[in-house]
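Here's a quick tour of a structure that may be new to you. Have a look at it first, and then we'll go through what sits around its bound molecules.

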Amino acid sequence: MKSIQLNQKPDTIDLLKFLRPDEFPQQELFNEAGRVRKKYVGNKVYFRGLIEFSNVCSKDCYYCGIRKSNKNIARYNLSDEEILVAAVYACEQRYASIVLQSGELMNKMFIKRIDNLLKKIHRKTNGTLHITLSLGEQSKKTYRQWFESGAHRYLLRIETANRKLYSQIHPTDALHDFKVRMRALESLRELGYQTGTGVMIGLPFQTYDDLANDLLFMKDFGIDMVGMGPYIEHNDTPMYKYRSLLWTEQERLFATLRMIALLRIFMPDINIAATTALQSLDKMGREKALMAGANVIMPNITPGKYRDNYRLYNTKPCTDERADDSTECLSARIRMTGNSIGYGEWGDSKYYTRRRIKKT
Ligand code: SAM
Ligand code: SF4
């Protein structure tokens with residue numbers, strides 16, 4: 001059995017030994033990540049009810065199916081009432097946390113709406129829910145306003161820590177600027193959010209060196225939580241033309257699992273999500289991620305009639321992550337992985353708690 005020894009301060013080369021396919025027996029890596037997870041964060045999986053409340057977006061990321069320029073989807077925007085019904089459902093299912101996600105808008109009406117919504121959700125659920133926002137780049141003032149109105153966590157993927165690659169997968173303009181995204185992430189942390197980021201894995205032009213550097217970026221930044229998943233092509237996006245350059249789906253799936261496992265070993269007490277994109281590549285993708293070190297799962301609780309229009313990438317009907325996210329089905333699947341479920345628990349990032357205590 002090969003042993004997993006990471007230097008105290010590993011560099012790209014150290015990480016590549018575990019990240020590249022066929023360099024190290026990956027089952028060993030997954031087993032070690034499982035052991036580290038058990039030791040540092042335990043065997044509980046925490047639910048975050050995901051509400052994809054609108055697919056209206058002002059940005060044009062080259063990879064994303066709900067980008068502004070895609071005219072082949074019907075745009076939707078849930079009413080506050082529909083969002084509240086979903087939040088109450090999360091409470092009834094004892095999820096204890098929800099994620100509000102949408103396309104990116106920065107106008108005053110949107111900012112005010114989220115502010116009111118946060119207050120309404122807390123009133124309706126007696127402050128029992130922890131709320132994560134995933135609404136893209138906003139000004140520090142807006143992030144502060146939402147934090148004061150009751151948002152606890154924020155997810156803003158850096159997508160890739162390689163600036164050049166970032167500029168290849170986004171339009172070249174002020175709206176899609178790597179520096180702005182970086183600053184936004186820093187603002188979130190400064191304001192006291194549990195700050196989450198992540199990357200896409202298997203992008204055209206991306207290398208294993210890039211992925212190793214993504215892990216180093218997360219460690220250097222001191223991120224509290226991570227949601228990373230495979231890049232999956234969407235036929236109505238500019239990046240679709242590069243599909244012949246992509247790694248196979250199996251390669252993207254296993255590269256993602258190795259990234260999760262390495263990150264768990266590297267940052268033992270953060271929260272790591274088993275993302276839905278994994279399930280689009282493999283019916284058991286999320287369960288495999290739990291066995292490779294992830295400890296958070298995000299059941300989709302968006303009302304069914306809207307889900308088809310929040311299509312970020314092409315999904316195959318047989319592996320559609322939206323198929324059965326009922327609590328019973330999910331909990332049976334999670335128990336199969338040898339984990340239990342933190343029903344009614346917020347499941348905050350232990351790393352975040354430790355970092356906040358240190359600060360005071
Ligand atoms: N608009 C917000 C933002 O961009 O931060 C939040 C919603 S956005 C749809 C959430 C994430 O979806 C992005 O950060 C990106 O990583 C992921 N995503 C978009 N298109 C994807 C694709 N084709 N394959 C995999 N993930 C994708
Ligand atoms: Fe909009 Fe987010 Fe998609 Fe970019 S990734 S187009 S910001 S929804």
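In this predicted model, the shell around ligand 1 is made up of nine nonpolar, five polar and four charged residues. That shell counts 18 residues, and the closest of them are Tyr63, Arg157, Glu159, Arg181 and Ile232.

What does ligand 1 touch through polar atoms? Here are three pairs, each with its distance.

| Atom of ligand 1 | Partner | Distance |
|---|---|---|
| nitrogen | polar backbone atom of Ser102 | 3.2 Å |
| oxygen | N or O atom in the side chain of Arg157 | 2.8 Å |
| oxygen | N or O atom in the side chain of Glu159 | 2.6 Å |

So much for single contacts; how much of ligand 1 does the protein bury? On its own, ligand 1 would expose 560 Å², and the protein buries 93% of that. As for where ligand 1 is found, it sits in the largest cavity.

Now for the other molecule. Where does ligand 2 sit? Ligand 2 is in the largest cavity too. Around ligand 2 you'll find three cysteines, Cys57, Cys61 and Cys64, along with Lys59, Tyr63, Ile66, Arg67, Gly103 and Glu104. Sorted by type, the shell of ligand 2 has five nonpolar residues, one polar and three charged.

If you'd like a residue to start from, try Tyr63: it is among the closest residues to ligand 1, and it also belongs to the surroundings of ligand 2.

Methods: Residues are numbered from 1 along each chain as its sequence is written. Chains are lettered from A and ligands numbered from 1 in the order in which they are written. This is a predicted model: local features need pLDDT of at least 70, side-chain atom pairs count only at pLDDT 80 or more; totals for chains, interfaces and linings use all residues. Side-chain values use heavy atoms; hydrogens and water are left out. A residue is near a molecule or strand if one of its heavy atoms lies within 4 Å of it. On a 1 Å grid over the protein atoms alone, a cavity is a set of points where a 1.4 Å probe fits but cannot get out, and a pocket is an open set with protein on both sides within 12 Å along at least five of seven lines; lining residues have an atom within 4 Å of a point. A molecule sits in a cavity or pocket if more than half of its atoms lie within 2 Å of its grid points. Ala, Val, Leu, Ile, Met, Phe, Trp, Tyr, Cys and Pro count as nonpolar, Asp, Glu, Lys and Arg as charged, and the others, Gly among them, as polar. A polar contact is a pair of N or O atoms within 3.5 Å; within protein, one must be able to donate a hydrogen and the other to accept it, and residues adjacent in sequence count only if both atoms are side-chain atoms. Accessible areas come from the Shrake-Rupley method with a 1.4 Å probe; for residues, only the protein chains shown count as cover.
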